[in-house]
Amino acid sequence: MTDTRHLICAACLSVSMALAAPEIRVDARSDADPRLGYAVEKLAAALGAGSHAQVRIAIDQRSAPPVAEGYRLIVNGRRISVLGRDVAGALYGALELARRAKAGAGLPAKLDVSDKPGSSLRGTFILLMKLGTYDYAIT
């Protein structure tokens, strides 16, 4: 009888853990910029309902790369930090974390990676090249 109770308790515990959503905390006013709300939405969908991750998304100019739109991802077990130089960096970091979570079988236990844009402009530079104001090497 005791073994049956333990088995039932274990089954209930595993079901309740599977239904738990990841805990995602934004250390900035998420209502101030819709990009942070979008980042949280995409990250929660990628991590899934069964994730026990504790994610912190923050604007941290000391820990992120010293370039606009740069970010740093730190995974240490269940604790995950997405540190953006600015709001755009936090967005790109969260989307990269979501991409990594979808691409593999979850996230690694340890990860510390940074990324930043290669140039200050994004997209097609044809107009700037024709005007002579584009001073970056063509890649």
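pLDDT is the predictor's confidence in each residue, on a scale from 0 to 100. The structure described here is a predicted model, and its chain averages a pLDDT of 75, with 68% of the residues scoring at least 70. Confidence varies along the chain. Among the elements, strand β3 has the highest mean pLDDT, 93, and helix α1 (residues 2–18) has the lowest, 37. Over residues 1–19 the pLDDT stays under 50, and for this stretch the model has five contacts beyond four places in sequence. Where pLDDT is low, the predicted coordinates should not be read in detail.

The secondary structure of the chain consists of four helices and five strands. Read from the N terminus, the elements follow the order α-β-α-β-β-β-α-β-α. The chain has 139 residues, of which 28% count as buried. About 9100 Å² of the chain is exposed, and carbon and sulfur atoms supply 56% of this area. Of the contacts between residues at least 6 apart in sequence, 59% join residues at least 24 apart.

The five strands form an open sheet with mixed pairing, in the order β1-β2-β4-β3-β5. Strands β1 (23–26) and β5 stand at the edges; each has a single partner strand, so one side of each is left without a neighbour in the sheet. On average, neighbouring strands of this sheet are turned by 10° against each other, direction ignored. Strands of a sheet pair through backbone hydrogen bonds, either parallel or antiparallel. The pairing of β3 with strand β4 (residues 79–84) is antiparallel and runs over six bridges. In this pairing, N76 has R79 in β4 as its bridge partner. Helix α3 (residues 87–103) packs on the sheet, where it touches β2 (54–59), β3, β4 and β5. The direction of helix α3 makes about 45° with that of β3.

Two residues of the sheet were examined through their contacts. I80 lies in strand β4. I80 counts as buried because its relative accessibility is 3%, and the cut-off for a buried residue is under 20%. Not counting residues up to four places away in sequence, I80 touches A53, Q54, V55, R56, I74, V75, L97 and L107. The C-alpha atom of I80 is separated by 9.2 Å from that of I24, although the two residues are 56 apart along the chain.

R56, one of the residues that I80 touches, lies in strand β2. With a relative accessible area of 27%, R56 is partly exposed. Residues up to four places away in sequence again being left out, R56 touches R25, D27, I80, S81, V82 and L83. The C-alpha atoms of R56 and I74 are separated by 9.8 Å, and these residues are 18 apart along the chain.

The structure holds five salt bridges. One of them joins the side chains of D112 and R72, with a distance of 2.7 Å from N to O. This pair links distant parts of the chain, with D112 in strand β5 (residues 110–115), R72 in strand β3 (residues 71–76), and their positions 40 residues apart in sequence. Both residues have some exposure to the surroundings of the chain: D112 is partly exposed, with a relative accessible area of 47%, and R72 is also partly exposed, at 22%.

A salt bridge also connects the side chains of R35 and D33, again at 2.7 Å from N to O. R35 is partly exposed, its relative accessible area being 36%, whereas D33 is buried, with a value of 14%. In a further salt bridge, the side chains of D60 and R62 meet at 3.9 Å, N to O. D60 counts as buried at 10% relative accessibility, while R62 is exposed, with a relative accessible area of 78%. Finally, E96, R99 and R100 are linked in a network of salt bridges.

Key: Residues are numbered from 1 along each chain as its sequence is written. This is a predicted model: local features need pLDDT of at least 70, side-chain atom pairs count only at pLDDT 80 or more; totals for chains, interfaces and linings use all residues. Side-chain values use heavy atoms; hydrogens and water are left out. Helices (H or I, at least four residues) and strands (E, at least two) are DSSP runs, numbered from the N terminus. Buried means under 20% relative accessible area, exposed over 50%, partly exposed in between (1.4 Å probe, protein chains only). Contact means heavy atoms within 4.5 Å. Accessible areas come from the Shrake-Rupley method with a 1.4 Å probe; for residues, only the protein chains shown count as cover. A salt bridge is a side-chain nitrogen of Lys or Arg within 4 Å of a carboxyl oxygen of Asp or Glu. Two strands pair if DSSP finds at least two bridges between them. Axes are lines fitted to C-alpha atoms, for helices over the stretch in contact, and angles run from 0 to 180 degrees between N-to-C directions.
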